[in-house]
Amino acid sequence: MTITDRLVRQLDFIAEIDRLKSVERRISIIGGTRLENSAEHSWHLAMMASLLIEYAGEGVDLLRAKQMVLVHDIVEIDAGDTFAFDDRAREDQAARERMAAERLFGVLPPDQAVEFRALWDEFEAFTTPTARFAVALDRFQALLLNRGNGGGTWHMHGVA
C-alpha cells in the first residue's frame, strides 16, 4: 500500500465517522433541550475516563480506555443506536454491529483496521480491567444524564 493509498483510506474513515454526529440516542443532554448524539456520547465518555481514572483500580490503561470509548459506538453509523430497554432491537444487535464493524473498520488501512477492531472487540467482551472500566463509564453516563434530567428520558420511554 502506498503512502497515498494509506492516507486516502484514513481520510475516507475520518469522513465516514463524521456520520456518528447524526446518530441520535434516546437520552437527552442535561437540561433536556434535545437528544444526545453518539459522537457527543463518545466524547463525554473519554472526558469521564480522564476524570474518573483514580477510581478504576489496578491494571487499567487510561489511553486504551479512552480509545475504546471513542471507538465503541462507531458501529452505530450502520447499525443504529440500540436503546438499552428495547428488547426487540437487542435481539439482532450483536449481528448488526458485527457487520457494521467489518465494513467500517475495513475502510482503514489493514494495520489500523486490526487495531481499531481489537479495541471494539475488547470493549464488547469486557473481560479486561480496561474494558470493564470503559463499559462501566458507558453505563454510568446514562445514569448521570437521567439523574441530571430528573429521570426525564426514562419517564419518556416508560422505564421504571
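This report describes the fold, the surface and the salt bridges of a predicted model.

**Overall architecture**

The chain contains 9 helices and 2 strands, arranged along the sequence in the pattern α-β-β-α-α-α-α-α-α-α-α. Its radius of gyration is 16 Å, close to the 15 Å that the globule rule gives for 160 residues, so the chain is as compact as a globular protein of that length. The C-alpha trace spans about 55 × 35 × 30 Å along its principal axes. Of the contacts between residues at least 6 apart in sequence, 64% join residues at least 24 apart.

**Surface and charge**

Buried residues make up 37% of the 160 in the chain. The exposed area of the chain is about 9,100 Å², of which carbon and sulfur atoms supply 57%. There are 18 positive and 26 negative side chains, and the centres of these two sets lie 2 Å apart.

One exposed position is serine 22, whose relative accessible area is 66%. Serine 22 is placed in the loop between helix H1 (3-17) and strand S1 (24-28). In sequence, serine 22 and glutamate 36 are 14 residues apart, while their C-alpha atoms are 9.8 Å apart in space.

**Salt bridges**

Side chains of opposite charge can pair when their charged atoms come close. The count of salt bridges in the model comes to 12; the table gives three of the pairs.

| Acidic residue | Basic residue | Distance, N to O |
|---|---|---|
| Glutamate 16 | Arginine 19 | 2.4 Å |
| Aspartate 73 | Arginine 25 | 3.9 Å |
| Aspartate 121 | Arginine 117 | 3.0 Å |

The salt bridge between aspartate 73 and arginine 25 has an N to O distance of 3.9 Å. Aspartate 73 lies in the loop between helix H3 (62-71) and helix H4 (76-79), and arginine 25 lies in strand S1, so this pair ties together parts that are 48 residues apart in sequence. Both aspartate 73 and arginine 25 are buried.

The pair formed by aspartate 121 and arginine 117 is set within helix H7 (residues 110-125), where the two residues are 4 apart, about one turn of the helix. Aspartate 121 is partly exposed, with a relative accessible area of 33%.

Glutamate 16 and arginine 19 belong to a network of salt bridges that also links Asp78 and Arg103. Glutamate 16 is buried, because its relative accessible area of 15% falls under the 20% cut-off. Arginine 19, at 40%, is partly exposed.

Terms used
Residues numbered from 1 in each chain as written. Predicted model: local features only at pLDDT ≥ 70, side-chain atom pairs only at ≥ 80, totals over all residues. Heavy atoms only, no water. Buried < 20%, exposed > 50% of the residue type's maximum accessible area, 1.4 Å probe, protein only. Salt bridge = Lys/Arg side-chain N within 4 Å of Asp/Glu carboxyl O. Rg over C-alpha atoms; globule rule 2.2 N^0.38 Å. Contact = heavy atoms within 4.5 Å. Areas by Shrake-Rupley, 256 points an atom, 1.4 Å probe, with all protein chains shown as cover. Lys, Arg positive; Asp, Glu negative; His and termini not counted. Charge placed at Lys NZ, Arg CZ, Asp CG, Glu CD.
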